[in-house]
Amino acid sequence: MNHNRLKLFVLSLDGTPYTLLQQALQQGLMPHFAQLLREGSFAQMDSVIPTISSVAWATFATGVNPAKHNIFGFVDRDQNAQLIIPNASNLRAKSLWEYFDENKLRSIWINLPIAYPPPKINGVMISGFLGTELENCVHPPELLPILKKCDYVIDPDPWLARTDRAAFMKELFRALQARRKITLHLLNEPWDFFMLHVMETDRLHHFFWDAKDDSRSPFHNSFWELYREIDQFIGELISMLPSDCALLMLSDHGFCALKREVDLNAYLQQTGFLRYKNGQAQELSDVHPHSRAYSLLPGRLFVNLKGRESQGSVSFSEYEGVRTEVSEALLELKDPETRASIIKQVVKREKIYSGPHADRGADLIAIPYDGYDLKARLNGAQLFNKSAINGMHTFDDAFLYVRHHSIQTMPKPALIDVTSTIFALMGLSIPKELEGRNMLGANT
Ligand SMILES: [Zn+2]
């Protein structure tokens with residue numbers, strides 16, 4: 001089909017900030033990555049809204065916005081307003097693996113979030129963090145014994161981080177080594193596209209961000225050691241990749257220190273927008289019909305005019321009225337100590353969603369200032385909380401690296417552009433459905 005066809009290897013580091021890699025490079029911790037920088041381009045990249053991995057990787061996998069791919073958050077509402085955790089079976093746009101199958105290209109995927117249950121593709125699919133039992137996460141199942149031999153885990157148990165941080169840190173290294181082993185094994189198979197997703201970076205940042213710059217922390221050295229190991233792996237990878245192989249690396253969002261968890265449902269309750277039928281709310285069905293709004297994490301707000309919709313009496317102005325009132329209330333939310341504003345911006349759904357599933361999206365999306373992690377429990381939690389998690393996602397500090405090419409940085413690269421760029425790197429024509437742009441500049 002195209003004589004400039006190239007293989008492509010994608011290495012994704014979940015939640016690794018552009019600025020953190022720069023810090024690691026300045027400290028000389030990543031010599032192999034430093035070598036790659038001399039052979040390619042490295043840029044800061046924007047993520048998706050809301051900035052959460054399931055939305056980010058669904059956008060990456062399809063190259064379209066949530067109103068087309070249908071993944072709006074880590075949790076969502078089904079047709080009966082029950083809470084669900086959406087996965088690959090909820091994807092409504094064509095994914096990269098489907099495009100590759102159509103083009104008779106063999107693809108190998110290790111650990112991509114959202115790719116669960118594993119689609120039966122031409123190649124290998126090992127599901128990422130939405131998977132539960134390894135047995136149900138592997139296509140083809142013949143790979144299971146090899147994965148077990150590699151000591152493979154889908155995701156280290158995050159509850160361990162709350163009870164035994166040292167043990168959890170060890171698990172991160174163990175999981176990374178297992179992914180390295182299975183990658184080196186599968187590199188010997190035939191493939192056209194190969195993606196390894198490292199989740200350990202995101203977990204490290206959520207639970208050990210406080211150790212990053214604190215040399216007195218018992219986890220300070222391990223924090224950076226994980227990046228050293230990733231760099232050693234990059235070195236091995238470069239030496240093994242075939243000469244007709246392109247290389248792209250990326251993260252899906254950045255990270256910053258978490259000051260407070262802010263529960264928007266608690267705030268909506270305090271400000272009179274939300275009521276529950278009884279004290280022990282667990283499901284959306286426990287939301288009182290007279291509530292005007294509720295939230296799902298992170299920062300997604302739904303106007304609730306349900307009781308009246310059935311009577312056909314909800315007018316557009318009534319809907320807009322609630323949106324305006326909720327937005328104004330959110331923008332008034334302040335840090336109890338510093339009195340700093342917590343919400344930077346409230347975006348209307350039509351600004352970010354366009355496509356057949358737009359009506360499933362939130363009516364408003366609140367974007368916080370760095371440090372305020374937006375939660376949305378249904379059980380009447382406190383407005384402000386602090387947990388074992390001390391790092392949170394940021395929108396504007398993801399990274400992108402492409403070997404042997406320059407990256408066009410005007411306008412700033414965004415995650416949704418990566419999909420088109422992948423087609424371009426492989427010498428495939430870019431499907432017209434994709435919303436992002438090919439970011440490749442001249443060869444270097
Ligand atoms: Zn995360």
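Helices and strands here are DSSP runs, with at least four residues for a helix and at least two for a strand, and they are numbered from the N terminus. With that in hand, let's start. One caution: this is a predicted model.

First, the whole chain. Its secondary structure comes to 15 helices and 21 strands. Is the fold compact or extended? The radius of gyration is 22 Å, close to the 22 Å that the globule rule gives for 444 residues, so the chain is as compact as a globular protein of that length. Along the principal axes, the C-alpha atoms fill a box of roughly 65 × 55 × 45 Å. Of the 444 residues, 46% count as buried. Now look at contacts between residues at least 6 apart in sequence. Of these, 68% join residues at least 24 apart.

Next, the domains. The domain assignment gives two entries. Domain 1 covers 7-256 + 392-443, and domain 2 covers 260-388. So how far apart are the C-alpha centres of domain 1 and domain 2? They lie 30 Å apart. The two also touch: 24 residues of domain 1 are in contact with 25 residues of domain 2. On the domain 1 side, α4 (66-69), α7 (160-163) and β18 (391-394) each supply at least two of the touching residues. The largest share comes from α4, with 3 residues. By class, that side of domain 1 has 15 nonpolar, 5 polar and 4 charged residues.

Now the sheets. Strands of a sheet pair through backbone hydrogen bonds, either parallel or antiparallel. Take the sheet of 8 strands. It is open, its pairing is mixed, and its order is β2-β19-β9-β1-β8-β5-β6-β7. Why do β2 and β7 each have a side without a neighbour? Both β2 (40-45) and β7 (138-139) stand at the edges with a single partner strand, so one side of each is left without a neighbour in the sheet. Inside this sheet, find β5, residues 107-112, and β8, residues 193-198. They pair in the parallel sense over 4 bridges. One pair to click on: S107 has F193 in β8 as its bridge partner.

There is also an open sheet of 3 strands. The order is β16-β11-β17, again with mixed pairing. Here β16 (372-375) and β17 (384-385) stand at the edges, each with a single partner strand, so each has one side without a neighbour in the sheet. Strand β11, residues 260-263, runs antiparallel to β17, and 2 bridges join them. In that pairing, V262 has F384 as its bridge partner.

On to the core. In soluble globular proteins, nonpolar side chains tend to be buried together. The largest nonpolar core in this model has 123 residues. Which of them touch the most other members? They are L8, W109, I114, L248, A293 and L415. Domain 1 and domain 2 both give residues to this core, so the core lies between them.

Let's finish with L415. Leave aside its neighbours within four places in sequence. L415 is then in contact with M45, D46, S47, V48, A56, T59, F60, D252 and A398. L415 belongs to helix α15, residues 415-425, which is mostly covered, with 8 of its 11 residues buried. Which ones are buried? They are L415, I416, D417, V418, T419, T421, I422 and L425. Just after α15 comes G427, with a positive phi of about 75°. That's the tour.

Conventions. Residues numbered from 1 in each chain as written. Predicted model: local features only at pLDDT ≥ 70, side-chain atom pairs only at ≥ 80, totals over all residues. Pairing = 2+ DSSP bridges. Rg over C-alpha atoms; globule rule 2.2 N^0.38 Å. Buried ≥ 20, exposed ≤ 12 C-beta atoms within 10 Å, placed from the backbone. Contact = placed C-beta atoms within 7 Å. Domains from an automatic or database assignment. Nonpolar A, V, L, I, M, F, W, Y, C, P; charged D, E, K, R; others polar. Core = buried A, V, L, I, M, F, W, Y, C linked by C-beta atoms within 7 Å.
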